[in-house]
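Open the model in your viewer and set the side chains to sticks. The stops below are given in the order in which to select them.

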Amino acid sequence: MQTLRFYIHPECERCRRLSHFHRRFDWLRRIEHTTRTPAGGELKPGQVAAEDIASGEYFHGYRAIQALCRNIPLYRIFLPLFWLKPVQRKLDRELSGCDGDGCKLP
């Protein structure tokens, strides 16, 4: 049963690749990956959002990735990292959107 809706920008190649990567580990099929526009407004390339399907609560930035980690059992080992402010700031920077070459994967 899907419990989280993960939103990515429809034209962002980096977002698409990362979403595909996360699908590989979602063995329980808890995450719905979508390119639709979330209720909070249109996403910029490189920006992600997540919605808790049961409560309707939206998450952006590091909180969206934190929600993803809570729903994919293999990723739960990363949850303690979200208590660290440097990790939160880095994820927020990387997931706040990009322009041009910023979204390209190495």
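Start with Ile-77, which is exposed because its relative accessible area of 65% is over 50%. The model is predicted, so this and every later value is computed from it. Ile-77 sits in the loop between α2 (62-71) and α3 (85-94). Add Phe-78, Leu-81 and Leu-84 to the selection: together with Ile-77 they make up a nonpolar surface patch, with about 390 Å² of accessible area.

**Aromatic rings**

Keep Phe-78 and select Phe-21, Phe-25, Trp-27 and Tyr-75 as well; ring pairs join these five into a cluster. The structure has 6 aromatic pairs by the rule used here. For one of them, zoom in on Phe-25 and Tyr-75: the ring centres are 5.9 Å apart and the planes meet at 50°, so the pair is tilted. Phe-25 belongs to helix α1 and Tyr-75 to the loop between α2 and α3, so this pair bridges distant parts of the chain, 50 residues apart. Phe-25 is partly exposed at 22% relative accessibility, whereas Tyr-75 is buried at 8%.

**Helix α2**

Next select α2. How many of its residues are buried? The count is 8 of 10, which leaves the helix mostly covered. The buried ones are Tyr-62, Ala-64, Ile-65, Gln-66, Ala-67, Leu-68, Cys-69 and Asn-71. Display the surroundings to see what covers them: the cover includes β1 (4-8), α1 (13-25), β2 (31-34), β3 (48-52), β4 (58-60) and α3.

**Salt bridges**

The whole structure contains 7 salt bridges. Select Arg-5 and Glu-32, whose side chains meet in one of them at 3.0 Å, N to O. This bridge connects strand β1, which holds Arg-5, with strand β2, which holds Glu-32, 27 residues apart. Both Glu-32 and Arg-5 are buried.

Now add Glu-51, which forms a salt bridge with Arg-5 at 2.9 Å, N to O. Here the link runs from strand β1 to strand β3, across 46 residues. Glu-51 is buried, as is Arg-5. With Arg-36 included, the selection shows a salt-bridge network of Arg-5, Glu-32, Arg-36 and Glu-51.

For another bridge, go to Arg-63 and Glu-57, at 4.0 Å, N to O. Arg-63 is partly exposed at 36% relative accessible area, and Glu-57 is partly exposed at 38%.

**Last stop**

Finish at Arg-29, in the loop between α1 and β2. What is the sign of its phi? The angle is positive, about 55°, although Arg-29 is not a glycine. Most residues other than glycine have a negative phi. Arg-29 is exposed, with a relative accessible area of 53%.

Terms used
Residues numbered from 1 in each chain as written. Predicted model: local features only at pLDDT ≥ 70, side-chain atom pairs only at ≥ 80, totals over all residues. Heavy atoms only, no water. Patch = residues over 30% accessible without salt bridge, like charges linked within 9 Å, V, L, I, M, F, W, Y side chains within 5 Å. Areas by Shrake-Rupley, 256 points an atom, 1.4 Å probe, with all protein chains shown as cover. Helix = DSSP H or I, 4+ residues; strand = E, 2+ residues; numbered from the N terminus. Buried < 20%, exposed > 50% of the residue type's maximum accessible area, 1.4 Å probe, protein only. Contact = heavy atoms within 4.5 Å. Phe/Tyr/Trp six-rings, centres within 6.5 Å; stacked < 30°, edge-to-face > 60°.
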